[in-house]
Amino acid sequence: MQSRTQHAVSALGWQGTVISDVAVLGQRVSAVVRLRADVHRWRTENGWPPAPDPSWFHSWFEPAFHDVVPVSAIELIGILVTESTVEQALEACGTLMTLAPCAVLVPESPDYDPWPLIELDYYGVGLVRAGDEGPARVEVAPEDRASEFGPSPFSRWLLEVLYAHVTAPGAVLLQHWDGADQHP
């Protein structure tokens, strides 16, 4: 049986590996990622394991360390945040939309107020409704606004955290949506 998160990711058309319950900017989110097998292979062969340690992240602010940051082995496809109401969606994705497309998953509801949907669409934040069973419904498709904000040391560090999740021994990851074998 698929979870609400899996239904939402499927409805959004995000293809990759779902990593649930990741801490990002003080929130627990699900991230959909794709492992770059060629980069992972190179990093493994050259002694560059995932580096999720925050102290390593802080060293990136020192100019002498910028030439030793490895290429990312993870591509962040999207971020999914679960909230209880539509009214919380914009605040939930406000900062996260600087990293990747962001969508909020809310429960099915008979209430319908178009104003929050118009606001979400304006800012590029997605909204998906899903009940406990059955398919999810995309009310507002998320947009990828990350390029408007540019890369940052934080976003690069987050990719290392996600890389550590994907390559952790015994990692429990949700189904790969595109059917491709992405195991490290």
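How much space lies in the second largest pocket? About 180 Å³. I'll come back to that pocket below; here are my notes on the rest, bearing in mind that this is a predicted model.

1. Overall layout. The protein has seven helices and six strands. Reading from the N terminus, the order of elements is α-β-β-α-α-β-α-β-α-β-β-α-α. There are 184 residues in the protein, and 43% of them count as buried. If you take the contacts between residues at least 6 apart in sequence, 64% join residues at least 24 apart.

2. The N-terminal helix. Helix α1 covers residues 4-12, and its buried residues are Thr5, Gln6, His7, Ala8, Val9 and Leu12. Those buried residues pack against a long list of strands: β1, β2, β3, β4, β5 (126-130) and β6 (137-140). Have a look at Gly13 too, just after α1, where phi is positive at about 80 degrees.

3. Arg4. This residue is found in helix α1, yet it is missing from the buried set there, because its relative accessibility of 21% makes Arg4 partly exposed; the cut-off for buried is under 20%. Beyond its neighbours within four places in sequence, Arg4 is in contact with Thr82, Leu105, Val106, Pro107, Ala130, Gly131 and Asp132. From Arg4 to Pro135 the C-alpha separation is 8.4 Å, although their positions lie 131 residues apart in sequence.

4. The main core. The largest nonpolar core has 34 residues, and the members that touch the most others are Leu76, Ile79, Val81, Val104, Leu127 and Leu162. Elements giving two or more residues to this core are β1 (17-24), β2 (27-35), β3, α4 (89-93), β4, α5 and α7. Of these, α7 gives the most, with five residues. Apart from this core lies another one of 13 residues, which includes Trp14, Val32, Val128 and Ala130.

5. Val104 as a viewpoint. If you want one residue to centre on in the main core, I'd try Val104, which is among the members touching the most others. Leaving aside neighbours within four places in sequence, its contacts are Leu80, Val81, Glu83, Ala89, Ala92, Cys93, Val125, Gly126, Leu127 and Val128. Gln88 is 16 residues away from Val104 along the chain, with 8.7 Å between the two C-alpha atoms. Gln88 itself sits in the loop between β3 and α4 and is partly exposed, at 33% relative accessible area.

6. The disulfide. The structure holds one, formed by Cys93 and Cys102 with their sulfur atoms 1.9 Å apart. The link is left-handed, at -70 degrees about the S-S bond. Are its two ends buried or exposed? Cys93 is buried, with a relative accessible area of 0%, and Cys102 is buried as well, at 1%. Gly94, in the loop between α4 and β4, is partly exposed, with a relative accessible area of 33%. The C-alpha atoms of Gly94 and Gly124 are 9.7 Å apart, for a separation of 30 residues along the chain.

7. The largest pocket. Its volume is about 280 Å³. The lining is made of 13 residues, and Leu99, Pro151, Ser155, Arg156 and Leu159 are the closest to the centre. Two elements, β3 (74-82) and α7 (153-167), give two or more residues to this lining. By type, the lining splits into six nonpolar, five polar and two charged residues. Note that α7 thus turns up in this lining as well as in the main core.

8. The second largest pocket. Back to the opening question: this is the pocket with about 180 Å³ of space. It is lined by 13 residues, with Val86, Glu87, Ser109, Asp111 and Arg129 the closest to its centre. β4 (102-107) and α5 (114-123) each supply at least two lining residues. Six of the lining residues are nonpolar, three polar and four charged.

Terms used:
Residues numbered from 1 in each chain as written. Predicted model: local features only at pLDDT ≥ 70, side-chain atom pairs only at ≥ 80, totals over all residues. Heavy atoms only, no water. 1 Å grid on protein atoms, 1.4 Å probe; cavity = no way out; pocket = protein on both sides within 12 Å on 5 of 7 lines; lining within 4 Å. Points joined across faces, edges and corners; volume = space filled by probe spheres on them. Helix = DSSP H or I, 4+ residues; strand = E, 2+ residues; numbered from the N terminus. Nonpolar A, V, L, I, M, F, W, Y, C, P; charged D, E, K, R; others polar. Core = buried A, V, L, I, M, F, W, Y, C linked by side-chain atoms within 4.5 Å. Buried < 20%, exposed > 50% of the residue type's maximum accessible area, 1.4 Å probe, protein only. Contact = heavy atoms within 4.5 Å. Disulfide = S-S within 2.5 Å.
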